[in-house]
Amino acid sequence: MAGLEPIDFRLREIVNLTFLKNSLNSDELLPEWLKRPVQYKLFSHPVENHIIKTQEYRENLKYDYKIFSDGSKQESEIGSAFCVFKDNIEIYHEINRLGPLCSVFQAELLAIKNALNYSLNAYKDLNLKIGIFSDSKSSIDAIKNVYNTHPLVFSIRCLIKELSTNNIELIFHWVKGHIGIIGNERADELAKEGSKLDISESIYNFFPLSFAKSYYRFKTMKMWEELWKNSVNGSITKQFFPSVSDRMKIKHLILNFKLTQYLTGHGNFKTYLHRFKLIINNICDCDKDSETIHHIINDCDMYLNRRQQFIYECLRLGYNFPPNLNDIVKDRNLFIEFNMFINKI
């Protein structure tokens, strides 16, 4: 009910992440493929940092060469690509596949890095002006950040500095994706081609820490779901929360003393008290039925008048009466009315 995973599951998640970060044997994920930040001692002194030139995109920008880069991810298929244009004619392109655990952010950065490598090898000492176009604003922002420790960003900044010393001026542009810019559409098409390459051809397999966190969180949720599904306890609570995923989607649930009794069936109800032999029988004071949660909410004549507003709200919100207990907690408005009802009785 509190939305907190079992502590042993949470501890296992923390241990796995700690082992992974400290290059110890971790559960399934290989520590050697974890993308680790570049150490600050490898960075240039701040006064030596090369300024990254950026400019707002507009049509008819004049460059000796225009290079468009892109990354693509469809589930575990990840591709990276760039294409080179001269006078609006494509003269070169390159596509690559990344490992299945990589992120699209890594694919975007790898495309830019490969484009700069190509520029260094193909146009060294030619005194050129080259435009780099990407639809990944996060990648350009990362490259501009002189304190970013991402290894791909670090490599890109080193390449930019080297290109600058070889008389090649680079200007980065963010372009909005899928608005008909030919070079950007072509790069997108090539990146998707790259994602279809055989996985054995992957040139980059490092996964980010964010993936490891989401991976272990997924495993935790899966184990928790299985535990809840197979538990023989909590039969009433399971009617309100059939699954862990259902519970975690509910953000408006604030527990209190009264509500908790109804969500568990553990409270001042005759069926519960009789179960522990604290009272003689479990018959409701209305003499109609056993005093269960369902009886109190749906049938008990003692609360008929106070139930009318709750019935009205159920019908108004599109639910039949009596409502499914799971619907009561899922629908925020219905949940508010339910709280008002149980507080009245």
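**Close-up views**

**View A. In this predicted model, Y123 is buried, with a relative accessible area of 6%.** Y65 is buried as well, with a relative accessible area of 13%. The count of aromatic pairs in the model comes to 22. Y65 and Y123 form one of them, a stacked pair with 4.2 Å from centre to centre and 20 degrees between the planes. Because Y65 lies in strand 1 and Y123 in helix 2, the pair ties together parts that are 58 residues apart in sequence.

**View B. Y272 and F276 form an edge-to-face aromatic pair.** The ring centres of Y272 and F276 are 5.1 Å apart, and the planes are at 70 degrees to each other. Y272 is partly exposed, at 22% relative accessibility. F276 also counts as partly exposed, its relative accessible area being 45%.

**View C. Ring pairs build a cluster from F240, Y262, F269, F310, F321, F338 and F341.** Two members of this cluster, Y262 and F338, also take part in the contact of helix 9 with helix 14. Another member, F321, is joined to P322 by a cis peptide bond.

**View D. The largest nonpolar core has 32 residues.** Which residues touch the most other members of this core? They are L116, Y123, I130, I143, I160, L170 and F172. At least two core residues each come from strand 1 (65–74), strand 2 (77–86), helix 2 (104–123), strand 4 (128–134), helix 3 (137–144), helix 4 (151–165) and strand 5 (168–174). Helix 2 gives the largest share, nine residues. In soluble globular proteins, nonpolar side chains tend to be buried together.

**View E. The surroundings of I130 are shown here, followed by a second core.** When neighbours within four places in sequence are left aside, the contacts of I130 are Y63, Y65, I67, S119, Y123, I168, E169, L170 and I171. A second core, separate from the largest one, holds 27 residues, among them L263, I296, C314 and L334.

**View F. Helix 9 (residues 257–264) crosses helix 14 (residues 332–344) at roughly 105 degrees.** The two axes come within 10 Å. The crossing angle therefore makes helix 9 roughly perpendicular to helix 14. From helix 9, the residues K258, L259 and Y262 take part in the contact, and they meet F335, F338, N339, I342 and N343 of helix 14. By character, the residues of this contact are five nonpolar, two polar and one charged.

**View G. T237 is found in helix 7 (residues 235–240).** Is T237 buried or exposed? At 9% relative accessibility, T237 is buried. Beyond its neighbours within four places in sequence, T237 is in contact with M1, W228, L263 and T264. Of these contacts, L263 is also included in the second core of 27 residues.

**View H. F321 and P322 are joined by a cis peptide bond.** Omega for this bond is about 0 degrees. P322 sits in the loop between helix 12 and helix 13 (325–330). Most residues other than glycine have a negative phi, and most peptide bonds are trans.

**View I. N127 and N167 each have a positive phi.** For N127, phi is near 55 degrees. This residue is placed in the loop between helix 2 and strand 4, and with 61% relative accessibility N127 counts as exposed. For N167, phi is near 65 degrees. N167 belongs to the loop between helix 4 and strand 5 and is partly exposed, with a relative accessible area of 45%.

**View J. D301 lies in the loop between helix 11 (293–298) and helix 12 (304–316).** The relative accessible area of D301 is 47%, so this residue counts as partly exposed. Where does D301 stand with respect to K288? The two residues are 13 residues apart along the chain, and their C-alpha atoms are separated by 8.3 Å.

Conventions:
Residues numbered from 1 in each chain as written. Predicted model: local features only at pLDDT ≥ 70, side-chain atom pairs only at ≥ 80, totals over all residues. Heavy atoms only, no water. Axes fitted to C-alpha atoms, helices over the stretch in contact; angles between N-to-C directions. Helix = DSSP H or I, 4+ residues; strand = E, 2+ residues; numbered from the N terminus. Parallel < 35°, antiparallel > 145°, perpendicular 65-115°, else oblique. Contact = heavy atoms within 4.5 Å. Nonpolar A, V, L, I, M, F, W, Y, C, P; charged D, E, K, R; others polar. Core = buried A, V, L, I, M, F, W, Y, C linked by side-chain atoms within 4.5 Å. Buried < 20%, exposed > 50% of the residue type's maximum accessible area, 1.4 Å probe, protein only. Phe/Tyr/Trp six-rings, centres within 6.5 Å; stacked < 30°, edge-to-face > 60°.
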